[in-house]
Amino acid sequence: MPIAKYAYTCLDCPEPIILAEFYSKITGWEIQPFDASKPEQVDWLELLVDGKTKMAFQQIENYKTPTWPENETPQQLHMDFHALDLDETEAKLLAIGARKASYQDSPDRFRAYLDPAGHPFCIVKNENA
């Protein structure tokens with residue numbers, strides 16, 4: 001029996017609206033404030049699917065951008081997304097504000113990028129995407 005049920009991933013960042021919009025463009029998920037009755041609230045935003053939170057973005061004072069792969073300021077986590085065509089996906093990611101990471105371990109299988117707050121994430125080639 002599990003101890004707890006996984007809910008969602010929350011990313012710390014300086015500007016939640018920027019990351020919420022960025023990941024909404026990748027996933028197609030709806031952006032909503034934590035408290036839907038307070039649409040002006042922008043220090044915590046969520047992405048929802050069928051009314052369920054899948055990702056969240058929390059505003060942090062004095063946020064320090066990860067410096068991956070150098071790790072002067074280490075990455076706290078990274079996410080993987082699946083895609084059929086890495087080149088096509090890369091073009092779309094760069095168009096919405098992703099930056100391609102300088103280090104690419106296996107670019108024919110997966111590619112690393114940085115989101116607008118500097119969090120690394122990967123696009124993995126998957127024929128079932």
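Hi everyone. Let me start with one small detail: Leu47 has Met55 in strand E4 as its bridge partner. That bridge belongs to a pairing between strand E3, residues 44-49, and strand E4, residues 52-59, which run antiparallel and share 6 bridges. Before I go on, please keep in mind that what you see here is a predicted model.

Now let's step back to the sheet around that pair. Which strands does it hold, and in what order? It is an open sheet of 4 strands, ordered E1-E4-E3-E2, with mixed pairing. At the edges sit strand E1 (9-13) and strand E2 (30-33), each of which pairs on one side only. From one strand to the next, the twist averages 25 degrees. As a reminder for newcomers, strands of a sheet pair through backbone hydrogen bonds, and the pairing can be parallel or antiparallel.

While we are in E4, let me point out Gln58, which lies in that strand. Is Gln58 buried, exposed or partly exposed? Its relative accessible area is 28%, so Gln58 counts as partly exposed. Leaving aside residues up to four places away in sequence, Gln58 touches Cys10, Leu11, Asp12, Cys13, Pro16, Asp43 and Trp44. If you then look across to Arg99, you will find it 41 residues from Gln58 in sequence and 21 Å away in space, going C-alpha to C-alpha.

So much for that sheet; here is the whole protein. The secondary structure amounts to 2 helices and 8 strands. Reading from the N terminus, the order of elements is β-α-β-β-β-β-α-β-β-β. The C-alpha trace spans about 45 × 40 × 35 Å along its principal axes. How does the radius of gyration fit with a compact globule? For 129 residues, such a globule would have a value near 14 Å, and the protein has 15 Å, which agrees. Of those 129 residues, 36% count as buried. The exposed surface is about 8200 Å², with carbon and sulfur atoms supplying 51% of it. And here is a number about how the chain meets itself: among contacts between residues at least 6 apart in sequence, 57% join residues at least 24 apart.

On to the other sheet I want to show you. Here too 4 strands form an open sheet with mixed pairing, this time in the order E5-E8-E7-E6. Its edge strands are E5 and strand E6 (99-100), each pairing on one side only. Helix H1 packs on this sheet, where it touches E5 and E8, and its direction makes about 30 degrees with that of E5.

Let's look at the two pairings that E8 makes. With strand E5, residues 79-83, E8 runs parallel, and 5 bridges join them. In that part of the sheet, His82 stands opposite Val124 in E8. With strand E7, residues 110-114, E8 runs antiparallel, again through 5 bridges. There, Ala112 has Cys122 in E8 as its bridge partner. E7 and E8 form a hairpin with 5 residues between the strands, and in it Gly118 takes a positive phi near 95 degrees.

My last topic is the aromatic rings. How many aromatic pairs are there? The count comes to 9. One of them is Phe22 with Tyr23, an edge-to-face pair with centres 5.0 Å apart and planes at 90 degrees. Buried here means under 20% relative accessible area. Phe22 has 2% relative accessibility, so it counts as buried. Tyr23 is at 0%, and therefore counts as buried too.

Phe22 has another partner, Phe121: this pair is also edge-to-face, at 5.8 Å centre to centre and with 70 degrees between the planes. Which parts of the chain does this pair link? They are distant ones: Phe22 is in helix H1 (residues 16-27) and Phe121 in strand E8 (residues 120-125), 99 residues apart. At 0% relative accessibility, Phe121 counts as buried.

Finally, put these rings together with a few others. Phe22, Tyr23, Phe57, Phe81, Tyr113 and Phe121 make up one aromatic cluster. If you have the structure open, try finding those six residues, and then follow H1 to where it touches E5 and E8. Thanks for listening!

Note on methods
Residues numbered from 1 in each chain as written. Predicted model: local features only at pLDDT ≥ 70, side-chain atom pairs only at ≥ 80, totals over all residues. Heavy atoms only, no water. Phe/Tyr/Trp six-rings, centres within 6.5 Å; stacked < 30°, edge-to-face > 60°. Buried < 20%, exposed > 50% of the residue type's maximum accessible area, 1.4 Å probe, protein only. Pairing = 2+ DSSP bridges. Axes fitted to C-alpha atoms, helices over the stretch in contact; angles between N-to-C directions. Rg over C-alpha atoms; globule rule 2.2 N^0.38 Å. Contact = heavy atoms within 4.5 Å. Areas by Shrake-Rupley, 256 points an atom, 1.4 Å probe, with all protein chains shown as cover.
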